[in-house]
Amino acid sequence: MSYFHPDVKILDGSGNTTLEGWEAKKDRYTQAFQNEPNVKCEVVKRIRHGNFVVDQELLTGYKDGQTREAVAIYMVKDNKIVQVQFLK
């Protein structure tokens, strides 16, 4: 997770901040993968535009057998991700 800025912000689809800071993100991801250790994320499509990267993602391996789709919009500054917005 070294590609995230220490003050990274995570936003939901409405633009509301759901997490702030690398430590909070690390804690959330650690917990998520402890609960769902087999989840895999495949980047279906990637668009780069200026300092933004938009990924269309397909998530598989959930315990319930479901597949989920998401869109992640990354804002990059000085080669670090400073903001991520997840659309579900």
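# Close-ups of a predicted model

**View 1. The largest nonpolar core brings together ten residues.** Its members are Phe-4, Val-8, Ile-10, Leu-19, Val-53, Ala-72, Tyr-74, Ile-81, Val-84 and Phe-86. Three strands each give at least two residues to this core: β1 (4-11), β5 (68-77) and β6 (80-87). Keep in mind that what you're looking at is a predicted model.

**View 2. Here's the whole protein chain, with one helix and six strands.** Start at the N terminus and you'll meet the elements in the order β-β-α-β-β-β-β. The radius of gyration is 13 Å, close to the 12 Å that the globule rule gives for 88 residues, so the protein chain is as compact as a globular protein of that length. Along the principal axes, the C-alpha trace spans about 40 × 30 × 25 Å. How many of the residues are tucked away? Of the 88 residues in the protein chain, 25% count as buried. Take the contacts with a separation of 6 or more: 28% of them come from residues 24 or more positions apart.

**View 3. This one is about the surface and the charges of the protein chain.** About 6200 Å² is exposed, and carbon and sulfur atoms supply 49% of that area. The protein chain carries 13 positive and 12 negative charges. Average the positions of each set, and the two mean positions turn out to be 2 Å apart.

**View 4. Zoom in on Leu-19, a core residue from strand β2.** Strand β2 covers residues 17-20. Is Leu-19 buried or exposed? Its relative accessibility is 12%, so Leu-19 counts as buried. Leaving out residues up to four places away in sequence, Leu-19 touches Val-8, Lys-9, Ile-10, Ala-24, Lys-25 and Arg-28. Two of those partners, Val-8 and Ile-10, are also listed in the largest nonpolar core. Another core member, Phe-86, is 67 residues from Leu-19 in sequence, and their C-alpha atoms are 12 Å apart in space.

**View 5. Now move over to Phe-86, another member of the largest nonpolar core.** Which residues does Phe-86 contact, once its neighbours within four places in sequence are set aside? The list runs Ile-10, Leu-11, Asp-12, Gly-13, Tyr-29, Val-71 and Ala-72. Ile-10 and Ala-72 from that list are core residues too.

**View 6. His-5 sits in strand β1.** With a relative accessible area of 28%, His-5 is partly exposed. Setting aside residues up to four places away in sequence, His-5 touches Trp-22, Lys-80, Ile-81 and Val-82. Val-82 is 77 residues from His-5 along the chain, yet their C-alpha atoms are separated by 5.3 Å. Ile-81, one of the residues that His-5 touches, belongs to the largest nonpolar core.

**View 7. Two residues with positive phi, Asp-78 and Asn-79, share a view here.** Where is Asp-78 found? Asp-78 is in the loop between β5 and β6, and Asn-79 lies in that loop as well. Phi is about 55 degrees for Asp-78, a positive value although this residue is not a glycine. Asn-79 isn't a glycine either, and its phi is near 65 degrees. Asp-78 is exposed, with a relative accessible area of 68%. Asn-79 is exposed too, and its relative accessible area is 73%.

**View 8. Last up is Lys-45, in strand β3.** That strand takes in residues 40-49. At a relative accessible area of 51%, Lys-45 is exposed. Which residues does Lys-45 touch, not counting those up to four places away in sequence? They are Val-54, Asp-55 and Gln-56. Phe-33 is just another spot to look for in this view: it is twelve residues from Lys-45 along the chain, and the C-alpha atoms of the two are separated by 23 Å.

Terms used: Residues numbered from 1 in each chain as written. Predicted model: local features only at pLDDT ≥ 70, side-chain atom pairs only at ≥ 80, totals over all residues. Heavy atoms only, no water. Helix = DSSP H or I, 4+ residues; strand = E, 2+ residues; numbered from the N terminus. Rg over C-alpha atoms; globule rule 2.2 N^0.38 Å. Buried < 20%, exposed > 50% of the residue type's maximum accessible area, 1.4 Å probe, protein only. Contact = heavy atoms within 4.5 Å. Areas by Shrake-Rupley, 256 points an atom, 1.4 Å probe, with all protein chains shown as cover. Lys, Arg positive; Asp, Glu negative; His and termini not counted. Charge placed at Lys NZ, Arg CZ, Asp CG, Glu CD. Core = buried A, V, L, I, M, F, W, Y, C linked by side-chain atoms within 4.5 Å.
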